[in-house]
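Biologist: I have a new structure open in front of me and would like to learn how to read it. Could you walk me through it, feature by feature?

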Amino acid sequence: MKRLVKIEKNKNILLLGPRQTGKSTLIKELIGPNDLYINLLLRSQYNKYSKEIEAFHNEVLFHFKQKGASLCIIDEVQKIPALLDEVHDLIECTDMCFILTGSSARKLKNHGVNLLAGRALPRSLFPLIYTEIGNSFDLEKALIYGTLPKIWNDDLKDHEEYSDFLSAYCDTYLKEEIQQEALVRKLDAFSRFLDVAAINDGQIVNYSTIARECGVSAKSVQGFYEILEDTFLAHRIDGWNKSVRKQLVSHPKYYFFDCGVSNTLCHWMKEQLNKDERGRKFEQFVILQLIALNSYHKLNLKFYHWRDKNGLEVDLLITKGLKILAAVEFKSNTSVHMTSDTKALTAFLSENGEVPCYVVVPTGNPRELQKSILYYHWKEFIETVFLALGK
């Protein structure tokens with residue numbers, strides 16, 4: 001399946017994203033006979049370069065002298081962040097191009113390494129979006145099992161196999177891997193946090209409330225959420241306020257990067273979701289699609305949620321700068337009740353009367369529900385409304 005992210009072989013690129021989203025598959029397709037590939041997940045290569053950084057520099061330099069201008073790929077560069085300084089120097093003194101992948105920006109930032117000072121183009125990779133899956137895409141399957149490539153590549157056949165893969169993913173990558181990367185000291189506390197965070201996926205977060213449920217401090221919970229962001233496992237959406245300072249202190253929402261992963265963590269892994277679960281998964285799924293497309297198409301849009309003093313909430317605001325371009329509510333039921341299902345948007349419009357508002361649903365044809373509130377099927381909303389907002 002063709003991915004939307006643009007990886008140019010003749011440019012220096014830093015490709016970041018969660019594990020198992022297809023980074024290695026993408027870059028291996030670019031490797032030619034004269035190119036150099038280094039995989040830091042292999043213990044032999046990790047041990048070699050972590051003990052002797054200069055060996056990497058010397059080997060790449062020798063490769064350049066033998067093969068000329070070619071490509072060097074380093075998979076999971078966050079394993080040895082100091083390599084970025086060597087890459088920086090090699091970019092300056094050779095005609096080599098470098099593609100670096102990573103599944104954690106945290107270790108890179110924590111080590112204070114040189115992030116190539118603009119010499120590498122940043123790229124992000126997400127789980128599959130619906131257009132990448134193509135004709136085999138099925139919304140119900142995506143809401144339950146998510147869109148990691150392995151779910152859709154025909155290797156797995158049924159609910160049991162999907163569930164086993166996602167359970168192994170959560171145990172290996174979300175728990176053991178984070179502990180191995182020394183991102184948390186106590187894995188049991190972080191594991192409890194993951195369960196609680198998954199249950200609160202897409203809900204407005206109060207760090208103190210979650211801290212009481214996890215038996216840790218509010219500061220620890222805030223730090224755990226930062227780990228999820230830095231390892232690309234969750235996306236933060238802040239509350240909207242025209243004051244940037246007030247946005248920083250408002251309670252955020254977090255969405256796990258994949259529906260199947262969050263379902264597994266909060267023990268919702270079953271062949272059919274109930275009404276409440278399906279509603280939350282539908283919201284999560286569409287928002288994840290928007291986040292990925294915003295990155296791939298370089299739309300430069302930002303996302304917020306909105307809540308008024310009476311507690312009415314709008315799921316998503318799409319903005320550019322300080323201008324709100326659209327307000328969106330997600331409803332998984334096919335019949336929308338004018339009063340109950342649009343009251344938050346109506347309250348929002350009373351303060352922001354010029355902003356187009358949308359109710360986005362799994363099925364149905366576009367129509368106007370009331371003045372300034374339009375009803376859209378999720379695909380049509382993405383293709384005719386959302387993609388046009390960034391132009």
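**Reading a fold from the inside out**

Modeller: Let's begin with one residue and its surroundings. Setting aside neighbours within four places in sequence, I287 touches I237, Y255, L316 and F330. Please keep in mind that we are looking at a predicted model.

Biologist: Where does I287 sit, and is it buried or exposed?

Modeller: I287 belongs to helix α15. Buried means under 20% relative accessible area, so I287, at 1%, counts as buried. You can also compare sequence with space: I287 and F257 are 30 residues apart along the chain, and their C-alpha atoms are 9.8 Å apart.

Biologist: How many residues does the largest nonpolar core have, and which of them have the most contacts inside it?

Modeller: That core has 90 residues, and those with the most contacts inside it are F193, Y225, I318, W378, F381 and F386. Its largest share comes from helix α15, residues 275-296, which supplies nine residues. There is also a second, separate core of 23 residues, with Y49, V60, V77 and V87 among them.

Biologist: What is Y225 in contact with, beyond its neighbours within four places in sequence?

Modeller: Its partners are F193, A197, V205, Y207, I210 and Y254. F193 is another of the residues with the most contacts inside the largest core.

Biologist: Let me try a loop. Where is F137 found?

Modeller: F137 is in the loop between α6 (130-133) and α7 (139-145). A loop residue can still be checked against the cut-off for burial, which is under 20%. F137 has 15% relative accessibility, so this residue counts as buried.

Biologist: Which residues does F137 contact, leaving aside those within four places in sequence?

Modeller: They are Y130, A142, W152, F285 and W378. With W152, the separation is 15 residues in sequence and 8.5 Å between C-alpha atoms. W378 appeared earlier, as one of the residues with the most contacts inside the largest core.

Biologist: And what about a strand? Which one holds L100, and is L100 buried or exposed?

Modeller: L100 lies in strand β4, residues 97-102. Its relative accessible area is 1%, so L100 is buried. Outside its neighbours within four places in sequence, L100 is in contact with I13, L14, L15, I74, V77, L84, V87 and L116. Take V77 from that list: 23 residues separate L100 and V77 along the chain, while their C-alpha atoms are 6.3 Å apart. V77 and V87 are both included in the second core.

Biologist: Now a helix residue. Where is A189, and what does it contact beyond four places in sequence?

Modeller: A189 lies in helix α10, residues 187-199. Its contacts of that kind are V216 and F224. A189 has a relative accessible area of 8%, so it is buried. The C-alpha atoms of A189 and E213 are 11 Å apart, with their positions 24 residues apart along the chain.

Biologist: I would also like to look at backbone angles. What phi does E76 have?

Modeller: E76 has a positive phi of about 60 degrees, although E76 is not a glycine. N300 also has a positive phi of about 60 degrees without being a glycine.

Biologist: Where are E76 and N300, and is each buried or exposed?

Modeller: E76 is in the loop between β3 (71-75) and α4 (83-93). With a relative accessible area of 3%, E76 is buried. N300 is in the loop between α15 and β8 (302-307). Exposed means over 50%, so N300, at 58%, is exposed.

Biologist: Let's step back to the whole chain. How many helices and strands does it have?

Modeller: There are 17 helices and 13 strands. Of the 391 residues, 56% count as buried. Among contacts between residues at least 6 apart in sequence, 67% join residues at least 24 apart.

Biologist: What does the radius of gyration tell us?

Modeller: A compact globule of 391 residues would have a radius of gyration near 21 Å, and the chain's 22 Å agrees with that. Along the principal axes, the C-alpha atoms fill a box of roughly 70 × 50 × 45 Å.

Biologist: And what can we say about the surface and the charges?

Modeller: The chain exposes about 18200 Å², with 47% of it supplied by carbon and sulfur atoms. There are 50 positive and 49 negative charges, and their mean positions are 5 Å apart.

Methods
Residues are numbered from 1 along each chain as its sequence is written. This is a predicted model: local features need pLDDT of at least 70, side-chain atom pairs count only at pLDDT 80 or more; totals for chains, interfaces and linings use all residues. Side-chain values use heavy atoms; hydrogens and water are left out. A nonpolar core is a set of buried Ala, Val, Leu, Ile, Met, Phe, Trp, Tyr and Cys residues joined through side-chain atoms within 4.5 Å. Buried means under 20% relative accessible area, exposed over 50%, partly exposed in between (1.4 Å probe, protein chains only). Helices (H or I, at least four residues) and strands (E, at least two) are DSSP runs, numbered from the N terminus. Contact means heavy atoms within 4.5 Å. The radius of gyration is taken over C-alpha atoms; the globule rule is 2.2 Å times the number of residues to the power 0.38. Accessible areas come from the Shrake-Rupley method with a 1.4 Å probe; for residues, only the protein chains shown count as cover. Lys and Arg count as positive and Asp and Glu as negative; His and the chain ends are not counted. The place of a charge is taken as NZ of Lys, CZ of Arg, CG of Asp or CD of Glu.
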